[in-house]
Amino acid sequence: MIADMPVRHFRTVFLSDIHLGTRGCQADMLLDFIRHMECETLYLVGDIVDGWKMKGGWYWPQSHNDVVQKILRLARKGARVIYVPGNHDDRVRDFCGTHFGGVTVERDAIHQTADGRRFLVVHGDEFDGVVQHAKWLAFAGDWAYRTILAMNTWLNRARARLGLGYWSLSAYLKVKVKNALQFIENFEEAVAAEARRRGVDGVICGHIHKAEMRDIGGIAYVNDGDWVESCTALVEHPDGRLEILDWARLRGRVHARRTSRAPLTAEPEPAAA
Ligand SMILES: [Mn+2]
């Protein structure tokens with residue numbers, strides 16, 4: 001790890017889909033990011049804590065505690081921290097309008113950038129009602145897809161040895177990937193439509209674990225990504241410019257996913273969550 005990276009100052013930082021309490025959470029990468037930044041406002045854009053829905057029991061190592069402590073410390077030191085709960089931490093939604101430890105809980109929020117643009121800040125699960133194949137989103141990634149193709153070869157070699165016929169895993173997955181891509185597009189458009197309805201310039205959300213920044217019919221669609229697969233944060237610079245930081249790449253590390261033993265299907269987002 002590069003030790004001498006300077007602490008960077010941002011006007012605002014947006015984090016979502018951390019999924020503390022699950023094994024997929026890249027807490028060490030997130031801690032590293034938090035150590036290297038300071039901000040005036042921090043938005044937690046949902047799915048921050050997860051574990052309580054895990055069938056396999058509660059998973060809460062020290063690093064997950066450290067993330068919570070670091071965030072509370074930011075609040076203590078004067079940062080405005082706004083927590084917009086998601087579907088995995090929807091229990092927190094019972095506390096909308098209240099605050100604890102310097103953290104304000106809101107169902108959604110309007111953020112105004114330094115250059116005067118207004119953004120709706122919302123987790124986004126409200127807009128995935130039509131999702132059928134969202135758990136296959138993981139395969140939208142190039143790397144995952146190439147791996148699948150390799151697995152397909154391996155699988156069929158094994159099948160042949162057992163005297164079984166060829167079964168095209170890749171052909172099966174191609175359909176799934178197409179569905180996943182269609183889902184992403186539908187989701188992004190639905191979120192942008194809501195921003196338009198609210199009369200704001202753009203929307204900042206999470207939920208689908210895919211960092212993105214693009215124009216959809218004059219609405220700025222911005223997704224801050226996640227800390228399960230991609231380790232991405234959205235930052236607002238002092239002049240109001242928004243930027244997606246790919247922390248794993250910035251730190252010169254390969255994505256944790258590439259070396260982890262987690263199954264490829266490790267949920268980006270359950271369909272009916
Ligand atoms: Mn979510």
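This passage describes a five-stranded sheet, the largest nonpolar core and the confidence of a predicted model.

It helps to begin with confidence. The mean pLDDT of the protein chain is 83, and 78% of the residues reach at least 70. Within residues 130-136, however, the pLDDT falls below 50, although the model gives this stretch 23 contacts beyond near neighbours in sequence. Residues 254-273 likewise have a pLDDT under 50, with 38 contacts beyond four places in sequence. Where pLDDT is low, the predicted coordinates should not be read in detail.

We turn next to the sheet. Five strands make up an open sheet with mixed pairing, in the order β6-β7-β8-β10-β9. Strands β6 (109-112) and β9 (212-216) each have a single partner strand and stand at the edges, so one side of each lacks a neighbour in the sheet. From one strand to the next, the twist averages 25°.

At one of these edges, β6 runs antiparallel to β7 (residues 118-121), and four bridges join the two. One of the bridge pairs is formed by Gln 112 and Arg 118, the latter in β7. The two strands form a hairpin with five residues between β6 and β7; in its turn, Gly 116 has a positive phi of about 90°.

Elsewhere in the sheet, β8 (residues 202-205) pairs with β10 (residues 219-223) in the parallel sense, again over four bridges. Here Val 203 stands opposite Tyr 221 of β10. Val 203 also leads on to the core, being among the residues with the most contacts inside it.

That core, the largest nonpolar one, has 55 residues, and Leu 44, Val 45, Ile 204 and Ala 233 join Val 203 as those with the most contacts inside it. Helix α4 (residues 169-198) is the element that gives the most to this core, contributing seven residues. For Ala 233, leaving aside neighbours within four places in sequence, the contacts are Val 13, Phe 14, Leu 15, Phe 33, Asp 224, Leu 245 and Trp 247. As a general backdrop, nonpolar side chains in soluble globular proteins tend to be buried together.

Finally, the edge strand β9 contains Met 213. Met 213 counts as partly exposed because 15 C-beta neighbours lie inside 10 Å, whereas 20 or more would be needed for a buried residue. Not counting residues up to four places away in sequence, Met 213 touches Val 222, Leu 242 and Ile 244. Between Met 213 and Val 203, which are 10 residues apart along the chain, the C-alpha separation is 9.9 Å.

Notes:
Residues numbered from 1 in each chain as written. Predicted model: local features only at pLDDT ≥ 70, side-chain atom pairs only at ≥ 80, totals over all residues. Pairing = 2+ DSSP bridges. Axes fitted to C-alpha atoms, helices over the stretch in contact; angles between N-to-C directions. Core = buried A, V, L, I, M, F, W, Y, C linked by C-beta atoms within 7 Å. Buried ≥ 20, exposed ≤ 12 C-beta atoms within 10 Å, placed from the backbone. Contact = placed C-beta atoms within 7 Å. pLDDT = per-residue confidence, 0-100.
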